[in-house]
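Visitor: Could we go through this model together? I should like to start with the aromatic rings.

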Amino acid sequence: MAGKFNNKKYKFRGITYDSKSEGDYAEILQRLLKDGKIRSIERQVRFKLPNMDGNLRMAYIADFIVTGNSGRQYIIDVKGIVTPEMKVKLAYAQYVHNIKIWIVYNKGLKKFDTEFLV
């Protein structure tokens with residue numbers, strides 16, 4: 001089944017990911033975890049976002065939260081492209097929760113970057 005950007009679900013180690021890119025990045029993170037370069041990985045973490053009337057009907061869902069060996073947490077979103085709407089949602093989530101969201105791209109010079117984690 002394809003998602004809104006024609007992403008096809010991808011299965012890795014019995015877990016279904018929203019896209020092959022997300023699954024590929026999960027494989028990289030699993031290697032880093034196995035090698036002791038990061039402490040933990042969480043997937044699909046929900047951050048509630050209030051709408052204009054203050055109700056919590058919206059949410060930003062992070063692809064991963066990775067805890068580095070220093071204890072620092074990295075909120076990560078794997079993307080092929082970042083639409084204008086997604087830029088607004090990311091900015092809003094960062095503002096509301098006072099967090100930094102790291103965008104990891106599935107192509108280009110920084111494809112599947114992990115340097116910021118270790």
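Guide: The following exchange covers aromatic pairs and then strand pairing. This is a predicted model, in which local features need pLDDT of at least 70, side-chain atom pairs count only at pLDDT 80 or more, and totals for chains, interfaces and linings use all residues. Residues are numbered from 1 along each chain as its sequence is written, and side-chain values use heavy atoms, with hydrogens and water left out.

Visitor: How many aromatic pairs are there?

Guide: A search of the whole structure gives 7. Rings of Phe, Tyr and Trp (its six-membered ring) pair if their centres lie within 6.5 Å; planes under 30 degrees apart are stacked, over 60 edge-to-face, and the rest tilted. Tyr25 and Phe112 form a tilted pair, 6.0 Å centre to centre with 35 degrees between the planes.

Visitor: Are Tyr25 and Phe112 buried or exposed?

Guide: Both Tyr25 and Phe112 are buried, where buried means under 20% relative accessible area, exposed over 50%, and partly exposed in between (1.4 Å probe, protein chains only).

Visitor: Which pair is stacked, with 0 degrees between the planes?

Guide: Trp102 and Phe116 are stacked, at 4.3 Å centre to centre. Phe116 is buried, with a relative accessible area of 15%.

Visitor: Turning to strands, how do S4 and S5 pair?

Guide: Strand S4 (residues 58–68) pairs with S5 in the antiparallel sense over 4 bridges. Strands (E, at least two residues) are DSSP runs, numbered from the N terminus, and two of them pair if DSSP finds at least two bridges between them.

Visitor: And S5 with S6?

Guide: S5 and S6 pair in the parallel sense over 5 bridges, and Val104 in S6 is the bridge partner of Val78.
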